[in-house]
Structures are given as structure tokens and as C-alpha cells.
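Biologist: I have this model open beside me and would love a close look at one part of it. Could you walk me through the sheet and the charged side chains around it?

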Amino acid sequence: MTAATTTTVTVQLRYFAAAAEAAGVAAEDLTLPAGATATDLTDLLAVRHGSELGRILGISSLLVDDVVREDPDAPLAAGDRPAVRVDVLPPFAGG
């Protein structure tokens, strides 16, 4: 019996602070093709929610399953994982 290959990945997004305000939602789920990258995700979100979110995404940190995504061109999900959680953390003022 051969394991099924995942053709999509569900991205469970959580937006914080200015990112939530610009997106108009605190959270949402998206389905992307397997192998989609952080760049693919941010490009889609800028189209979906507008240029203000696109601007905020350009200065935000993305945490993929609680780990800062350093390489925006690496796949969001490793292997055949069907889902990942992505937190969008814009810069915060104060301490």
C-alpha cells in the first residue's frame, strides 16, 4: 500500500496587531498547493486583502509552526504535512 501524496496544504493563519487590522480578520484558513512558499503566501494575501496588508507583510515576521521563517522561498510544509499554522507578527512598539 502506497501512502497518498498531499497535493495541497492548509494554512491556518493568525494575524496580530496591525496585520489583523489590515486583513480585517484575526484568523483565516487558506488552501495552497503543496510546496507553496512564504513568498507565495504573502503575494496571495496582498492580492486578497490589499496593499496595506502587503506593506505590513513586508516588514513582519512569519512564524511557521512556532518557528521564525528565515527563508521565504522554502516550502511552508515539510514533506507530506497537510497543514501548517502561520502567525503574522508585525513590529511592535514599546517593550
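Modeller: Happy to; here is a tour of the sheet, followed by its salt bridges and a charged patch.

Please keep in mind that this is a predicted model. The sheet is open and has 5 strands, arranged in the order β2-β1-β5-β3-β4, with mixed pairing. The edge positions belong to β2 (27-33) and β4 (67-68); each has a single partner strand, so one side of each has no neighbour in the sheet. As background, strands in a sheet pair through backbone hydrogen bonds, and the pairing can be parallel or antiparallel.

A good place to start is strand β5, which covers residues 83-89. It runs parallel to strand β1 (residues 8-15), and 6 bridges join the two. You can find this pairing on screen by looking for V11, which stands opposite V84 in β5. Further along, R14 has D87 of β5 as its bridge partner. Strand β1 also holds L13, which counts as buried because its relative accessibility is 1%, where the cut-off for buried is under 20%. If you would like a sense of distance, the C-alpha atoms of L13 and D80 are separated by 19 Å, while the two residues are 67 apart along the chain.

Now turn to the pairing of β5 with strand β3 (residues 61-64). Here the strands run antiparallel and 4 bridges join them. V64 stands opposite V86 in β5, and L63 has D87 as its bridge partner in β5. D87 is therefore a handy landmark: this residue is buried, with a relative accessible area of 4%, and it is a bridge partner of R14 as well as of L63.

From β3, the next step is β4, which runs antiparallel to β3 and is joined to it by 2 bridges. L63 turns up again in this pairing, standing opposite V68 in β4. The two strands form a hairpin with 2 residues between them. In that turn, D65 has a positive phi of about 50°, so it is worth a glance if you are checking backbone angles.

The turn also brings us to the charged side chains. D66, in the loop between β3 and β4, forms a salt bridge with R85, and their closest N and O atoms are 2.3 Å apart. That pair links distant parts of the chain, since R85 sits in strand β5 and the two residues are 19 apart. D66 is exposed, with a relative accessible area of 53%, whereas R85 counts as partly exposed at 23% relative accessibility. R85 also meets the side chain of D87 in a salt bridge, at 3.8 Å from N to O. Taken together, R14, D66, R85 and D87 are linked in a network of salt bridges. Within this network, the exposed D66 and the buried D87 both have R85 as a salt-bridge partner.

The structure holds 6 salt bridges, and one of them involves an edge strand. R48 forms a salt bridge with E28, with 3.3 Å between the closest N and O atoms. This pair, too, links distant parts of the chain: R48 is in helix α2 and E28 in strand β2, 20 residues apart. R48 is partly exposed, with a relative accessible area of 49%, while E28 counts as buried at 14% relative accessibility.

Helix α2 (residues 38-49) has another charged residue to look at, D43. D43 counts as partly exposed because its relative accessibility is 48%. On the surface, D43 gathers with D40, E70, D71 and D73 in a patch of negative charge.

Definitions and conventions:
Residues numbered from 1 in each chain as written. Predicted model: local features only at pLDDT ≥ 70, side-chain atom pairs only at ≥ 80, totals over all residues. Heavy atoms only, no water. Patch = residues over 30% accessible without salt bridge, like charges linked within 9 Å, V, L, I, M, F, W, Y side chains within 5 Å. Areas by Shrake-Rupley, 256 points an atom, 1.4 Å probe, with all protein chains shown as cover. Salt bridge = Lys/Arg side-chain N within 4 Å of Asp/Glu carboxyl O. Lys, Arg positive; Asp, Glu negative; His and termini not counted. Charge placed at Lys NZ, Arg CZ, Asp CG, Glu CD. Buried < 20%, exposed > 50% of the residue type's maximum accessible area, 1.4 Å probe, protein only. Pairing = 2+ DSSP bridges.
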